[in-house]
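Let's take a friendly walk through this model, one site after another. Have the viewer open and follow along.

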Number of protein chains: 2
Amino acid sequence: MLKTYQYKDLTKEQIQELVNRNTDPNNAIQDTVLQIINEVKTVGDAALKSYAKQFDKVDLEKLYLGQEEIDELASTISRDQMRALEIAFQNIYKFHQTQLKRERTVETMPGVKCWREVRPIEKVGLYIPGGSAVLPSTLLMLGIPARIAGCREIVVCSPPQNNGKINGFVAYCLKLLQINKIYLVGGAQAVAAMAYGTESIPKVNKIFGPGNQFVTKAKSLIQGLTDVSIDMPAGPSEVLVIADDTCNPAFVAADLLAQAEHGIDSQSILVCTSAEIAKNVEAEVEKQLEVLPRKELAEKAIQNSYFVITENLQEAMDFSNLYAPEHLILETDEWKPLINKVLNAGSVFLGHLTPESAGDYASGTNHTLPTSGFARSYSGVSVDSFVKKITFQHISEEGLQQIGSTVEILAELEGLQAHKNAVSIRKKD
Amino acid sequence: MLKTYQYKDLTKEQIQELVNRNTDPNNAIQDTVLQIINEVKTVGDAALKSYAKQFDKVDLEKLYLGQEEIDELASTISRDQMRALEIAFQNIYKFHQTQLKRERTVETMPGVKCWREVRPIEKVGLYIPGGSAVLPSTLLMLGIPARIAGCREIVVCSPPQNNGKINGFVAYCLKLLQINKIYLVGGAQAVAAMAYGTESIPKVNKIFGPGNQFVTKAKSLIQGLTDVSIDMPAGPSEVLVIADDTCNPAFVAADLLAQAEHGIDSQSILVCTSAEIAKNVEAEVEKQLEVLPRKELAEKAIQNSYFVITENLQEAMDFSNLYAPEHLILETDEWKPLINKVLNAGSVFLGHLTPESAGDYASGTNHTLPTSGFARSYSGVSVDSFVKKITFQHISEEGLQQIGSTVEILAELEGLQAHKNAVSIRKKD
């Protein structure tokens with residue numbers, strides 16, 4: 001039986017406790033990860049090969065696959081699978097393409113012109129998890145915005161399979177992205193390699209992508225150790241479903257389980273407007289769980305989850321905004337008026353026929369999203385994540401007359417005489 | 001005599017060494033800062049009062065000033081100063097206002113609609129340095145985009161003066177921003193207070209603003225310890241000036257000194273197309289330095305800086321892009337064709353009459369910018385920094401037919417059966 005809370009009975013503190021994620025700071029693995037980082041930094045490629053042997057059980061002669069090998073692997077997947085990856089590619093491309101915008105120049109005073117221009121981050125590193133769960137969809141979600149942004153160098157790292165290769169789906173996505181090299185490095189060592197560079201692997205400016213706790217820890221550590229930045233802090237995946245009487249309990253259950261199968265630390269939360277709905281959804285969860293291949297994982301995750309019963313949809317939205325879910329599904333006929341009430345969430349799925357899995361793969365939106373409450377201050381990955389916006393300004397003679405004395409007064413009141421001089425000397429000329 | 005390098009004589013490694021900032025990771029102060037953070041977290045207001053006594057030499061009865069006290073302090077500044085702050089406010093507002101944009105909906109397939117909506121970060125914390133250097137301009141640079149974004153709660157912290165108050169310029173900026181409370185807390189303890197919340201000070205979702213090494217260290221630490229995010233990593237301020245024969249050496253020198261007076265760790269770099277220019281600029285630097293009130297600071301900073309002589313403007317831009325300066329000033333008649341060549345920089349100042357100090361105070365652009373090479377992957381603060389972009393999607397019956405099998409195939413090939421089910425169960429219905 002799932003833990004069920006009545007919203008009206010919860011104190012502020014109890015709500016706070018429910019919305020707090022148990023974000024394990026992983027201090028236990030910090031030393032291990034730091035050691036890996038140092039080893040890669042000082043020894044380079046040789047360290048990467050030795051880790052491949054130790055962790056991936058494979059002897060690598062070289063640390064990458066080139067165009068020919070990628071083509072060969074890509075050709076092993078079925079026509080239908082190719083077609084599905086192509087459709088996903090097209091939809092993701094179509095949606096992300098609209099995110100690059102030229103901004104207009106603002107003349108803040110006569111002769112004082114200011115504007116922003118977009119520039120790609122030159123070198124980006126994409127980490128694609130491998131091993132048991134191979135995620136070609138993640139390669140599309142990171143590679144497409146990097147391509148649209150115009151990044152000059154896209155470095156892709158993924159752990160090798162036992163045979164020293166990668167799987168055909170990932171290879172096919174590389175082809176779609178016109179990336180002709182993939183580095184066979186996984187885990188914390190991949191993050192370290194892209195942060196410092198090795199003989200084979202180029203140093204990058206920003207590292208993207210999900211991963212296990214070692215990858216996550218390495219990303220957070222290199223952020224403090226180097227001048228390399230990261231996409232966002234990562235935690236276990238999560239969904240919050242809001243449902244009312246109009247919902248189909250079987251759909252709701254399917255969505256909760258889709259989240260739960262990711263791993264035992266996933267959270268699937270249902271906020272609904274009656275105990276009846278909760279009961280019906282739970283019955284469906286039990287039924288659908290039985291036939292899942294990843295039943296064991298999903299069952300444990302479901303045990304970590306909970307239901308909240310509210311009086312109405314407004315209360316449900318209030319709870320959701322406090323929780324700030326990575327994924328929010330609104331399974332109600334009344335989804336339209338709720339849109340403006342969504343204040344904190346990564347990605348929102350509207351109505352009965354919009355499952356999260358559509359957005360995970362193919363609808364066009366990105367699936368790299370803020371977890372663990374970070375949706376309060378972070379956005380998901382987009383083309384914005386792969387560019388900088390640089391401000392430019394030009395001041396004419398007229399502009400200098402207009403703005404000069406203002407700058408002089410402000411520099412003076414802050415006690416910065418040389419700042420004032422930089423204007424005065426120009427005014428005099 | 002300033003260190004001067006001939007670009008063509010430099011090896012790749014020497015260039016790399018020149019563009020590397022000596023970013024001190026401040027591990028020396030880490031324990032002190034961690035102790036302050038823990039004290040504030042566990043003891044709250046009492047700890048803040050005790051630090052005020054210790055660091056700011058003041059006994060505080062309450063930890064904030066309210067509307068009445070702010071009004072009174074604001075009325076002590078001159079009419080001219082008020083007017084200058086108002087003009088800066090207007091220009092900054094005008095420029096930042098254009099950064100909030102509605103995005104259009106994309107129908108990636110018939111019946112599959114995706115879009116992004118902007119939501120303010122609900123609670124933001126602004127740190128305004130105080131003590132010897134009081135920076136009302138920083139309050140405008142952070143407060144204005146927060147207001148435009150629509151942040152619900154704007155918490156401002158600044159260290160108290162000896163008299164337990166703040167200065168009148170900061171007070172006047174608070175009035176312009178319609179913020180009616182300021183917390184009298186400085187240093188690492190202010191960052192900790194906004195990250196955890198105390199009896200008086202609200203916990204926020206994101207912390208902004210520059211500060212000394214303790215503030216900077218605290219910001220980087222709370223990023224790993226809490227669910228609170230920060231604007232960007234901070235380092236000493238820096239300018240890179242590109243100049244050719246068309247430059248006025250006196251203007252160039254004034255700009256280098258304006259940077260140098262910030263502190264002894266500031267970097268002022270000149271990249272110019274002849275040794276003659278370097279010589280003339282240096283003579284001007286020595287002359288102008290003599291009369292500066294902050295001469296001692298500026299002199300030391302200038303000693304840390306260097307000149308690079310290149311063959312032409314293209315080489316100068318190449319060096320600048322490797323350095324990735326916080327501020328870049330192009331003091332040449334030929335600034336127009338250089339715009340597209342700027343790949344890495346925080347903010348760019350074009351031509352002979354556009355000093356950095358205009359952008360520091362009043363032209364409209366933001367002065368909170370990436371330092372220490374972070375301009376390779378970070379943008380300066382803007383309205384974007386105070387909002388999230390949330391993706392929404394809606395799939396109709398037609399849309400589900402269009403996209404369903406693609407999602408099913410992709411979920412299956414990633415081995416995620418429950419993800420597939422979430423679509424299949426809806427298709428069947």
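A good place to begin is chain B of this predicted model, where N366(B) sits in the loop that runs between helix 14 (356-361) and strand 15 (387-395). Is this asparagine buried or exposed? With a relative accessibility of 5%, N366(B) counts as buried, because the cut-off for that label is under 20%. Its side chain has two backbone partners to look at: the backbone oxygen of M141(B), reached at 2.8 Å, and the backbone nitrogen of T368(B), reached at 2.9 Å. Setting aside residues up to four places away in sequence, N366(B) touches H96(B), M141(B), P145(B) and V381(B). M141(B) is therefore worth displaying in full, since it appears among those contacts and also offers its backbone oxygen to the asparagine side chain.

## An asparagine that meets the other chain

Now over to chain A and another asparagine. N344(A) is placed in the loop between strand 13 (327-331) and strand 14 (347-350) of chain A. N344(A) counts as buried, at 1% relative accessibility. Which residues surround it? Beyond its neighbours within four places in sequence, N344(A) is in contact with S320(A), N321(A), A324(A), P325(A), A375(A) and R376(A) from chain A, and with E122(B), K388(B) and I390(B) from chain B.

Two of these neighbours also have polar pairings with N344(A). The backbone oxygen of N321(A) lies 3.0 Å from a polar atom of the N344(A) side chain. Across the chains, the side chains of N344(A) and E122(B) make a polar contact at 2.7 Å. For a wider view, Y378(A) is 34 residues from N344(A) in sequence and 9.3 Å from it in space, C-alpha to C-alpha.

The table gathers the polar pairings of the sites in this report.

| Side chain | Partner | Distance |
|---|---|---|
| N366(B) | backbone oxygen of M141(B) | 2.8 Å |
| N366(B) | backbone nitrogen of T368(B) | 2.9 Å |
| N344(A) | backbone oxygen of N321(A) | 3.0 Å |
| N344(A) | side chain of E122(B) | 2.7 Å |
| Y127(A) | backbone nitrogen of G187(A) | 2.8 Å |

## The annotated positions in chain A

An unreviewed UniProt entry gives the annotation "binding site" to Y127(A), Q189(A) and N212(A). These positions span 86 residues in sequence, yet no two of their C-alpha atoms are more than 12.3 Å apart, so they gather at one spot.

Y127(A) belongs to strand 5 (residues 123-127) of chain A. Its relative accessible area is 4%, so Y127(A) is buried. A polar atom of the Y127(A) side chain lies 2.8 Å from the backbone nitrogen of G187(A). Helix 8 (residues 187-196) is where Q189(A) is found. Q189(A) is buried too, with a relative accessible area of 5%. Leaving out neighbours within four places in sequence, Q189(A) is in contact with I36(A), V40(A), L48(A), Y51(A) and F55(A).

## Chain A as a whole

Zooming out, chain A has 16 helices and 15 strands. Its C-alpha trace spans about 85 × 60 × 45 Å along the principal axes. Of its 429 residues, 64% count as buried. Among contacts with a separation of 6 or more, 74% come from residues 24 or more positions apart.

The accessible surface of chain A comes to about 16,400 Å², with 47% of it belonging to carbon and sulfur atoms. As for charge, chain A carries 42 positive and 53 negative charges, and their mean positions are 7 Å apart.

Conventions
Residues are numbered from 1 along each chain as its sequence is written. Chains are lettered from A and ligands numbered from 1 in the order in which they are written. This is a predicted model: local features need pLDDT of at least 70, side-chain atom pairs count only at pLDDT 80 or more; totals for chains, interfaces and linings use all residues. Side-chain values use heavy atoms; hydrogens and water are left out. Helices (H or I, at least four residues) and strands (E, at least two) are DSSP runs, numbered from the N terminus. Buried means under 20% relative accessible area, exposed over 50%, partly exposed in between (1.4 Å probe, protein chains only). Contact means heavy atoms within 4.5 Å. Accessible areas come from the Shrake-Rupley method with a 1.4 Å probe; for residues, only the protein chains shown count as cover. Lys and Arg count as positive and Asp and Glu as negative; His and the chain ends are not counted. The place of a charge is taken as NZ of Lys, CZ of Arg, CG of Asp or CD of Glu. A polar contact is a pair of N or O atoms within 3.5 Å; within protein, one must be able to donate a hydrogen and the other to accept it, and residues adjacent in sequence count only if both atoms are side-chain atoms. UniProt positions are given in the numbering used here, feature names are shortened, and annotations may be inferred rather than shown by experiment.
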